[in-house]
Amino acid sequence: MMMESSMKREENVEDYVKKARLNSTLAALLHDPILADVPKNPTLSDVDTLISLELGSAMRISILKLDDTSFDVALMNSATVKDLKLAIKRKVNNVEQSKMGHRHISWKHVWANFCLSYNKEKLLDDNSVLQDYGIRNNSQVHFIPFVMSKDSQKHSRGRKHRFFHGLNKYA
């Protein structure tokens, strides 16, 4: 009984040492300038997309924010607007997490008040393939205010509450 307990402790220590060594190696790799575009906590999907980018079956898109700063995201060539929004969300959340710790961003609010644009065309249909808009590798997509079209006289998703109409400087 005592011997089994001692062996289990040794196995646990060995597992702990192996995990610590692996984490240390991974941390060193992620600080390598060549791997600067790999997220701090990469998922298998992130790594797969970056490999596909190197092989030419994925694209890197630059996102220009309203404050004229930008960041890049990598997506498969078959990506949709929804995939782009999810990649933006992951990238921004990772940056915010690394800079400020946990900070909640209401993405429902972001997409209700802002949209993405490429060549002055709003990317409103989440199911549309990015390449249908002409978006290719190294394209730049812009965040723009999401305002109601005067022709349709329909409220955008962000204009449901009358109280907020006067608060948005872009409305």
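Reader: Let's start with Thr80. Where does Thr80 lie?

Author: When you place a residue, look for the elements on either side. Thr80 sits in the loop that joins strand E2 (70–76) to helix H3 (81–100). Keep in mind that this is a predicted model.

Reader: Is Thr80 buried or exposed?

Author: Go by relative accessibility. Thr80 has 18%, so it counts as buried, since the cut-off for that is under 20%. As for partners beyond four places in sequence, Thr80 touches Asp126, Asn127, Ser128, Val129 and Leu130.

Reader: Asp126 caught my eye. Which side chain meets Asp126 in a salt bridge?

Author: That's Lys85, with 2.8 Å from N to O. The count of salt bridges here comes to one. Lys85 belongs to helix H3 and Asp126 to the loop between E4 and E5, so the pair ties together parts 41 residues apart in sequence.

Reader: How accessible are Lys85 and Asp126?

Author: Check each partner separately. Lys85 is buried, at a relative accessible area of 10%, while Asp126 counts as partly exposed, at 27%.

Reader: Now the inside. How many residues are in the largest nonpolar core, and which touch the most other members?

Author: To read a core, ask who is in it and who has the most partners there. This one has 24 residues, and Ile61, Leu84 and Ile88 touch the most other members. Two or more residues each come from strand E1 (58–64), E2, H3, helix H4 (107–113), strand E3 (114–118) and strand E5 (140–145). H3 supplies the largest share of this core, with five residues.

Reader: Which residues does Ile61 contact?

Author: Skip the neighbours within four places in sequence, and the list for Ile61 includes Phe71, Asp72, Val73 and Leu75. Leu84, Leu130, Ile135, Arg136, Ser139 and Val141 are also in contact with Ile61.

Reader: And Ser62, where is that?

Author: Ser62 is part of strand E1. Ser62 is buried, with a relative accessible area of 15%. Leaving out the same kind of close sequence neighbours, within four places, Ser62 contacts Ser70, Phe71 and Asp72, and also Ser139, Gln140 and Val141.

Reader: What about backbone angles? What is the phi of Asn119, and of Lys120?

Author: Here you look at the sign of phi and at the residue type. Asn119 has a positive phi of about 50° although it is not a glycine. Lys120, also a residue other than glycine, has a positive phi near 65°.

Reader: Where is Asn119, and where is Lys120?

Author: Asn119 is in the loop between E3 and strand E4 (121–122). Lys120 lies in the loop between E3 and E4 too. Asn119 is exposed, with a relative accessible area of 60%, and Lys120 is exposed at 84%.

Reader: Over to the surface. Which residues make the nonpolar surface patch?

Author: For a patch, look at its members and its area. Val13, Tyr16 and Val17 make one of about 310 Å². Tyr16 is found in helix H1 (residues 2–30). Tyr16 is exposed, and its relative accessible area is 62%.

Reader: Last one: what pLDDT does the protein average?

Author: Read the average first, then look along the chain. The average pLDDT is 78, and 71% of the residues score at least 70.

Reader: Where does pLDDT stay under 50?

Author: Over residues 158–169. For that stretch the model has 11 contacts beyond four places in sequence.

Conventions. Residues numbered from 1 in each chain as written. Predicted model: local features only at pLDDT ≥ 70, side-chain atom pairs only at ≥ 80, totals over all residues. Heavy atoms only, no water. Helix = DSSP H or I, 4+ residues; strand = E, 2+ residues; numbered from the N terminus. Buried < 20%, exposed > 50% of the residue type's maximum accessible area, 1.4 Å probe, protein only. Contact = heavy atoms within 4.5 Å. Core = buried A, V, L, I, M, F, W, Y, C linked by side-chain atoms within 4.5 Å. pLDDT = per-residue confidence, 0-100. Patch = residues over 30% accessible without salt bridge, like charges linked within 9 Å, V, L, I, M, F, W, Y side chains within 5 Å. Areas by Shrake-Rupley, 256 points an atom, 1.4 Å probe, with all protein chains shown as cover. Salt bridge = Lys/Arg side-chain N within 4 Å of Asp/Glu carboxyl O.
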